[in-house]
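Me: I have a structure here that is new to me, and I would like to understand the words used to describe it. Could you go through them with me, setting each value against the rule behind it?

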Amino acid sequence: MSGTYLDSSVLEKLIAAAVAAPSMHNTQPWRFRLDTESTTVEIHADVGRGLPHEDPHGRALHIAAGAALFNLRIAVSHFGWKPVTRLLPDPRHPDLLASVHITGRTSTRTLHGDDLYEAIWHRHSSRFPFGVQPVPVSVRHELAEAARAEGATLAVTGPRETARLLRITTEAERRNHADPARSAESRRWSSRDEAEDTGIPSAALGPQDTFEQLPMRDFSARRTLDQLPARPFERTPALASLRTGHDRRTDWLRAGQALEYVLLVATAHGLRTSLLHQALEWTDLRDDLRPATSPFDHVQMLIRFGYGPEGPPTPRRTPRLFLELDGAVPQEDRY
């Protein structure tokens, strides 16, 4: 392979790595376009897979795109090239969220190196109870370093702040249940059988907390508590708040990259993670998530982490379904 052309099998691995990123309700709201002349991969928003009621401003969509962008960067580096990234590269095309020009050879080293590429294929949310084994301080520092490398801040919260964030999330979960449009939107993406390649299959939904302390999302949004499967969750969850100093579209994309970096480092350490996003879907509750010590920060995600069951993965669409080509197709089975 040269620095100009991508072998078809390698390109498919690059796109597969990108779409392995997390997205709200596993909607996979991306499209990819390859400019074969410049060897540039563009990431576009697929607005038809957006969530107009739960994510009306597209913040979660941008975070998902940022996570896909980070995976693409890691995969490009894994194959020995240098990814040159631009965010929102063309104001005339607002759905064009980022581009990655693939060029030269790279000597870039990231935290954990090739472990991150392997972690891409093993990372997925676990919505099941975690154990009581504490996460070492050194690992927490590595998670914070990963977020900082992408322009974000990751703060592991203490017991009092964790309890406050969980109370706000509980209120958000209550509101989601009471809102017919949001409930219907959530059900649309969780009413999936095992053969479908988007959304969240029932096996991955997980139980509710017996103690009703940890507000795990009820994706069906229509079951009463006495009908929900329940198990005891950890009484003192390990929770981290991912924050940025500003709240522009570029910040959402950076937050997505930071989020995925954190999740991949966690995976490399054998940690399981799940995302508590409910309060971020309500403007007033999202403001309430800000800590008193950093009142001007913008919370982009709450991450629960710990040691526990891996949980089943959510499905992904075939990489070729995401990809558009521009320019002449080279010979020798190349894109």
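**Reading the terms in this structure**

Me: Why is Glu324 called partly exposed?

Reply: The model is a predicted one, and in it Glu324 has a relative accessibility of 37%. Buried means under 20% and exposed means over 50%, so Glu324, at 37%, falls in between and counts as partly exposed. This residue lies in strand β11.

Me: Which residues does Glu324 touch, if those up to four places away in sequence are not counted?

Reply: Glu324 touches Arg31, Phe32, Arg33 and Leu34, where touching means that heavy atoms come within 4.5 Å. With Phe32 the separation along the chain is 292 residues, while the C-alpha atoms of the two are separated by 6.2 Å.

Me: What is the strand order of the sheet that contains β11, and what makes β11 an edge strand?

Reply: The sheet is open and has 5 strands in the order β3-β4-β2-β1-β11, with mixed pairing. Strand β11 (323-326) pairs on one side only, as does β3 (82-87), and these two are the edge strands. Neighbouring strands of the sheet are turned by 20 degrees against each other on average, with direction ignored.

Me: How do you know that β2 and β4 pair?

Reply: Two strands pair if there are at least two bridges between them, and 5 bridges join β2 (residues 40-45) to β4 (residues 96-103), the two strands running antiparallel. As an example from β2 and β4, the bridge partner of Glu42 is Ser99 in β4. Helix α7 (residues 249-268) packs on this sheet, where it touches β3 and β4, and its direction makes about 145 degrees with that of β3.

Me: Why is α2 called oblique to α7?

Reply: Helix α2 (residues 59-78) and α7 pack at an angle of about 55 degrees, with their axes 7 Å apart. Angles under 35 degrees count as roughly parallel, 65 to 115 as roughly perpendicular and over 145 as roughly antiparallel; the angle of about 55 degrees is in none of these ranges, so α2 is oblique to α7. Their crossing is right-handed. Among the residues that make the contact are Ile63, Leu69 and Phe70 of α2 and Trp252, Leu253 and Leu264 of α7. By class, the residues of this contact divide into 11 nonpolar, 5 polar and 4 charged.

Me: What makes α4 roughly antiparallel to α7?

Reply: The axes of α4 (residues 137-149) and α7 come within 8 Å and cross at roughly 155 degrees. Angles over 145 degrees count as roughly antiparallel, and therefore α4 is described in that way relative to α7. This crossing is right-handed. The contact is made by Glu142, Leu143, Ala146, Ala147 and Ala149 of α4 together with Ala258, Tyr261, Val262, Val265 and Ala266 of α7, and by class it has 9 nonpolar, no polar and 1 charged residues.

Me: What is notable about the phi angles of His25 and Thr39?

Reply: Most residues other than glycine have a negative phi. His25, although not a glycine, has a positive phi of about 60 degrees, and Thr39, also not a glycine, has a positive phi of about 50 degrees. His25 is placed in the loop between α1 (8-19) and β1 (30-35), whereas Thr39 is found in the loop between β1 and β2.

Me: Are His25 and Thr39 buried or exposed?

Reply: Buried means under 20% relative accessible area. His25 has 3% and is therefore buried, and Thr39, at 4%, likewise counts as buried.

Me: How do you know whether Ser186 and Gly80 are buried or exposed?

Reply: Ser186, found in helix α6 (residues 180-190), has a relative accessible area of 3%, so it is buried. Ser186 touches His25, Glu54 and Phe219, when residues up to four places away in sequence are left out. Gly80, in the loop between α2 and β3, has 16%, and because the limit for buried is under 20%, Gly80 is buried as well.

Me: How many of the residues in the whole chain count as buried?

Reply: Of the 335 residues, 56% count as buried, in a chain that has 8 helices and 11 strands.

Notes: Residues numbered from 1 in each chain as written. Predicted model: local features only at pLDDT ≥ 70, side-chain atom pairs only at ≥ 80, totals over all residues. Heavy atoms only, no water. Helix = DSSP H or I, 4+ residues; strand = E, 2+ residues; numbered from the N terminus. Axes fitted to C-alpha atoms, helices over the stretch in contact; angles between N-to-C directions. Left-handed = near helix turned anticlockwise from the far one by under 90°. Nonpolar A, V, L, I, M, F, W, Y, C, P; charged D, E, K, R; others polar. Buried < 20%, exposed > 50% of the residue type's maximum accessible area, 1.4 Å probe, protein only.
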